[in-house]
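Thank you all for coming this morning; I would like to walk through one model with you, beginning with the whole chain and then moving to a few individual places in it. Please have the sequence and the structure open while I talk.

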Amino acid sequence: MEKLRAQLSLTRLKGLFKDTFLRNSFYIFLSSITSSGFGLLFWMVAAWYYDIESVGVASTLISTSGLIVALGMLGMDQSMIRYFPVLDRSMILGSVVKIAAPLAMAIGAVFILGSSLWMPDLVASDIVHILFILLIGATSVAYIAHTAFVGSRNAQNGWYQNMILGVRVLLLIAFVTLQDLGILIAMLVSYAITLPVSGLLLFRSGLRLGTIDWSFLRKAFWFSTGNYVATILNMLPTMAMPILVFSLIGAAEAAIYYMALSIAAIVFLIPATFNTSLYVEGSHGESLTKTFRRSLTITYAILVPCIIIFMLLGPFILGILGAQYRSEGLGILNILLVSGIFFTLFQQVSTYLKVKEHIRGVVLMGAVNSGSFLALSVILASAIGKDGIGYSWVFSFALGALVGIAYMRYTRGRSGPLPVNP
């Protein structure tokens, strides 16, 4: 009897993995938890071995590099997933790599040249600036490869990629004597190790680095442009927070905030995982309404208990980093964790509209979200410090989600030019 039960359980497990939504969700989550786990460990080690000002400078540069990578994408990362099922994937991959990575590096160079104007307190050497630009290029290529894995329903390769990137934790210890320079070098060397392996995995998946496909770029222009605007708007709350904290409050507060965000980011992986799967499955023609409801239900069922657990463990986790992190970081951590409820709804509604190609609605949601966040952050940060920026984060996602739901009801029954099941 026990043997029969074991066989039935194994059969049921295999059946679940035949479900592309669940299989892709599993590997996306595994990949994300691996990335965030190593990311949190990376910043914990940095907090232990590096001075707090070096952590503040490096975390600001690294978060800024993420925003610049998004700027360089021009929305083509979203078009990769949306058009992979219907166009030549290798040509799409080659087009995005050969345009997005050089453009991101150019934007990074412009940022460095003008840093004395918009971030005068960010003092760094020329070699830090060079490493910063190289890091942008490496991050761009790695992100494009990861998007290609997910878009082709080979999310397990994205997990392998993030596992290898975990070597940055060991490298961080090796370069400790270099302080903020050592943090950037550790990141860059980890990408130098990972990118050749990513290329091999792409090759084994049947993907090649094709030439620039101008027909794809023309076909995806409006979709990419709308998603580009929406992506930048949606990323502003995440990417701008360390910069705002650094500029308005100081390097030490930026380090404390970044540690809290790194912990909360583990919880955010839950909605991010199912949101990505919703986008992939919707783009491949699966029933969008059914998948949307299923994704939202599963996400909240897992998310809410995790928020409670992390709120209880927060003092302990921050205490590992040090007394200052615990005493000054617990408030912002709890605020960020609660925001996951609204972040989930915002992301899922945005993706629903994206698959339906209601890009105006996606852009509108992003504009409301980022606009309310930036306005409230400047006001509240001056009044109550970094916690005020956290409250702005919660309110902006809640407001953006409400706007998106209203747009969903307004456009019910209508869809864009690509065939998608209702």
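**The chain as a whole**

Of the 422 residues in the protein chain, 56% count as buried, and I should say at once that this is a predicted model, so please take the values I quote as computed from it. The chain has 17 helices and 0 strands. If we take the contacts with a separation of 6 or more, residues that are 24 or more positions apart account for 84% of them. As for the surface, the protein chain exposes about 17,600 Å², and carbon and sulfur atoms supply 69% of that area.

Let me turn to the interior. The largest nonpolar core has 116 residues, and those with the most contacts inside it are Trp43, Val96 and Ile183; the largest share of this core, 17 residues, comes from helix 13, which covers residues 251-283. Which residues does Ile183 contact, once its neighbours within four places in sequence are left aside? They are Phe42, Trp43, Ala46, Tyr50, Ser54, Val55, Ala58, Ile62 and Leu172, so Trp43, itself among the residues with the most contacts in the core, appears in that list.

Next, a pair of helices. The axes of helix 4, residues 76-83, and helix 5, residues 89-113, come within 10 Å and cross at roughly 180°, which means that helix 4 is roughly antiparallel to helix 5. On the helix 4 side, Met76, Met80 and Tyr83 meet Ile92, Leu93, Val96, Ile99 and Ala100 of helix 5, and the residues of this contact divide into 8 nonpolar, no polar and no charged.

Back in helix 13 we find Phe268, and is this residue buried or exposed? Phe268 counts as buried because its relative accessibility is 9%, under the 20% cut-off. Apart from neighbours within four places in sequence, Phe268 is in contact with Leu261, Leu336, Ser339, Gly340, Phe343 and Trp393. The C-alpha atoms of Phe268 and Ser36 are separated by 9.7 Å, although these residues are 232 residues apart along the chain.

My last residue is Thr344, which has its place in helix 15, residues 323-355. Thr344 has 0% relative accessibility and therefore counts as buried, and, not counting residues up to four places away in sequence, Thr344 touches Pro271, Leu296, Thr299, Tyr300 and Leu303.

How values were computed
Residues numbered from 1 in each chain as written. Predicted model: local features only at pLDDT ≥ 70, side-chain atom pairs only at ≥ 80, totals over all residues. Heavy atoms only, no water. Core = buried A, V, L, I, M, F, W, Y, C linked by side-chain atoms within 4.5 Å. Buried < 20%, exposed > 50% of the residue type's maximum accessible area, 1.4 Å probe, protein only. Helix = DSSP H or I, 4+ residues; strand = E, 2+ residues; numbered from the N terminus. Contact = heavy atoms within 4.5 Å. Areas by Shrake-Rupley, 256 points an atom, 1.4 Å probe, with all protein chains shown as cover. Axes fitted to C-alpha atoms, helices over the stretch in contact; angles between N-to-C directions. Parallel < 35°, antiparallel > 145°, perpendicular 65-115°, else oblique. Nonpolar A, V, L, I, M, F, W, Y, C, P; charged D, E, K, R; others polar.
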